[in-house]
Amino acid sequence: MSHAGAPVGGLLVLVDPVARRLDGESVRIAKDVLSAGAAAKICLPDSQEEFARALARRGHRQPVIVGDDRALVRAVGLLYRERGLGDGAVSLIPVGQVGSLGLARALGVPLSAVAAARSVLDGAVRARDLLVDDSDGVVLGDLRIPPVRTVPGAQGPSVWSAYRSLVRTLVPTGAPTGHRLRVEADGQLLVDVDRPVQDLRVVPVPNAAAPGSAGTGRAGTVSTGRAGPGSVDPGSAATGSAVPGVSAGLAEVTVRLAGGSAVRVRAHAVTVSGSDFRYRADTVVTGPVRRRTWTLRPAAWSLTVPR
């Protein structure tokens, strides 16, 4: 971790349109604190397109996002796709409804506008890992394929038929059923389509060991049973690296199967394929897709937090 301090090029304060409509007072406080402590250019975009254009024209200014989790994910995704994450730290001043700030809290950003603005000016920079998928989507915190739940009254043809898959993902009613998925971690088969997947979660491992250190070994035991040849025995629910001798820059992959057993490994990349599935990346539900690979990029971006 290194000290942030006011950047040489100043600050680009990007106020998300939703934040401005929702809590103008917190936005005003954040602008006042930042402007008093550094050279700050304030941008008030009216749409996501204007938000993206302003971020792309930041020059040498450090981006400060005023908004909720979605605004932060959007900004980091834009910077990743333009290969701009290495230019400097990103800052967040959380403004939004309580339920829309879970990622900010998990990343260590103060939820108070005053405290968050002060950490932009005199806080510290912390490197963060990033999950990147094969369509250039990013995940800052938590990736999940949640359980599919049946929706009462949604049986057979109806006006809901076109939306049934989405409804089953988002509405927590009915009995959960499993996904028919094939899950691989660093090329190692964890689960095949004959074992219904109840839930899948992928998160970066905090404080992973430094490069060159000894690995934690292969997770669980190799099985030729129903989970598939060369896979981890679901009954072991063990943790470790999917590739022997590797321990730095890993994501933890947890696959929970129908019946309660689980597979848990650490890996650089995870590939999921099978029947159409939806996934939740941080706060956004995406899909349906039939195949997706997520790869961990260690220390791919940095965030200012309190010292």
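Student: In this model, how many residues in the lining of the second largest pocket are nonpolar, polar and charged, by class?

Tutor: The model is predicted. The second largest pocket holds about 390 Å³ of space, and 18 residues line it. By class, that lining has 8 nonpolar, 5 polar and 5 charged residues.

Student: Which element gives the most to the lining of the second largest pocket?

Tutor: The elements that give two or more residues to this lining include helix H3 (48–56), strand E7 (138–139) and strand E19 (284–305). Among the residues nearest the centre of the pocket are Val 73 and Arg 81. With 6 residues, the element that gives the most is H4.

Student: Which helix gives the largest share of the largest nonpolar core?

Tutor: The largest nonpolar core has 45 residues, and Leu 140 is one of those with the most contacts inside it. Leu 140 touches Leu 72, Val 73 and Val 76, among others. The largest share of this core is 7 residues, and they come from helix H4 (residues 69–81).

Student: How many bridges join E18 to E19?

Tutor: E18 also pairs in the antiparallel sense with strand E8 (residues 143–145) over 2 bridges, and with strand E11 (residues 181–185) over 5 bridges. E18 and E19 run antiparallel too, and Ala 281 has Val 284 in E19 as its bridge partner. The number of bridges that join E18 to E19 is 9.

Student: Which residue takes a positive phi in the hairpin of E18 and E19?

Tutor: This hairpin has 2 residues between the strands. Leu 140 touches one residue of interest here, Asp 282. The residue with a positive phi, near 60°, is Asp 282.

Definitions and conventions: Residues numbered from 1 in each chain as written. Predicted model: local features only at pLDDT ≥ 70, side-chain atom pairs only at ≥ 80, totals over all residues. Heavy atoms only, no water. Core = buried A, V, L, I, M, F, W, Y, C linked by side-chain atoms within 4.5 Å. Buried < 20%, exposed > 50% of the residue type's maximum accessible area, 1.4 Å probe, protein only. Helix = DSSP H or I, 4+ residues; strand = E, 2+ residues; numbered from the N terminus. Contact = heavy atoms within 4.5 Å. 1 Å grid on protein atoms, 1.4 Å probe; cavity = no way out; pocket = protein on both sides within 12 Å on 5 of 7 lines; lining within 4 Å. Points joined across faces, edges and corners; volume = space filled by probe spheres on them. Nonpolar A, V, L, I, M, F, W, Y, C, P; charged D, E, K, R; others polar. Pairing = 2+ DSSP bridges. Lists of a residue's contacts leave out its neighbours within four places in sequence.
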